[in-house]
Amino acid sequence: MSQARCRLAIVLIAAAGVACGGPLGPFAGGRLQGDEVTAPVLDWSFTRNVLKVQLETRPENPYSVTLGCIDHEGAIYVGTDNPRKRWSRNVVEDPRVRLRVGGAIYRRVAVKVTDPLEWVT
């Protein structure tokens, strides 16, 4: 495949991710689609076998990404080793997020874990 065709394929895949309202593989998306859960979630252990979730940041101009997740003692964690990632910077500016697990969407406020004893490894 020529470089021009390869670039065009990447652009089309990225455009499809934005058009479908969520991230598509490694490409960021927009507003997440799904059924919103309004009941409080006190125990996230139901995500124990979930490897990836989608996280939407920037409520006024949604930006969503696919991230790995882990549940630990009833809480759910997503993380980055690069605080310069766009989604990470968005959360620092405005911690309101929407999290999609399967087809369900949960509105939450992200909290940065600063205590090394709480870091999940």
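This is a short tour of the chain, stop by stop, with something to select at each one. Keep in mind that you're looking at a predicted model.

**Stop 1: the whole chain**

Start with a cartoon view. You should find two helices and six strands. Trace them from the N terminus and the order reads α-β-β-β-β-α-β-β. Now switch on the surface: its accessible area is about 8,300 Å², and carbon and sulfur atoms hold 57% of that. Of the 121 residues, 31% count as buried. Sequence distance is worth a thought here too: among contacts with a separation of 6 or more, 54% are between residues 24 or more positions apart.

**Stop 2: glutamate 56 and arginine 31**

Time for side chains. Opposite charges can pair when the charged atoms come close. The chain has seven salt bridges, and we'll visit some of them.

Select glutamate 56 and arginine 31 and show them as sticks. Their side chains form a salt bridge, with 3.6 Å from N to O. Which parts of the chain does this pair tie together? Glutamate 56 sits in strand 2 (residues 52-57), while arginine 31 is in the loop between helix 1 (3-19) and strand 1 (35-37), so the bridge connects parts 25 residues apart in sequence. Bring the surface back and compare the two partners: glutamate 56 is buried at 3% relative accessibility, whereas arginine 31 is partly exposed at 40%.

**Stop 3: arginine 98 and glutamate 36**

Next, select arginine 98 and glutamate 36. Here's another salt bridge, and the closest N and O atoms are 3.6 Å apart. This pair links distant parts of the chain: arginine 98 belongs to strand 5 (residues 96-101) and glutamate 36 to strand 1, 62 residues apart. Is arginine 98 buried or exposed? With a relative accessible area of 6%, arginine 98 is buried. Glutamate 36, at 35%, is partly exposed.

**Stop 4: aspartate 94 and arginine 96**

Now pick aspartate 94 and arginine 96. They make a salt bridge too, with their closest N and O atoms 2.6 Å apart. Aspartate 94 has a relative accessible area of 17%, so it counts as buried, the cut-off being under 20%. Arginine 96 comes out as partly exposed, at 40%.

**Stop 5: the network**

For the last view, select Arg31, Glu36, Glu56, Arg98 and Arg107 together. Salt bridges with shared partners join these five residues into one network. You've already met Glu56 with Arg31 and Arg98 with Glu36; Arg107 is also part of this network.

How values were computed: Residues are numbered from 1 along each chain as its sequence is written. This is a predicted model: local features need pLDDT of at least 70, side-chain atom pairs count only at pLDDT 80 or more; totals for chains, interfaces and linings use all residues. Side-chain values use heavy atoms; hydrogens and water are left out. Helices (H or I, at least four residues) and strands (E, at least two) are DSSP runs, numbered from the N terminus. Buried means under 20% relative accessible area, exposed over 50%, partly exposed in between (1.4 Å probe, protein chains only). Contact means heavy atoms within 4.5 Å. Accessible areas come from the Shrake-Rupley method with a 1.4 Å probe; for residues, only the protein chains shown count as cover. A salt bridge is a side-chain nitrogen of Lys or Arg within 4 Å of a carboxyl oxygen of Asp or Glu.
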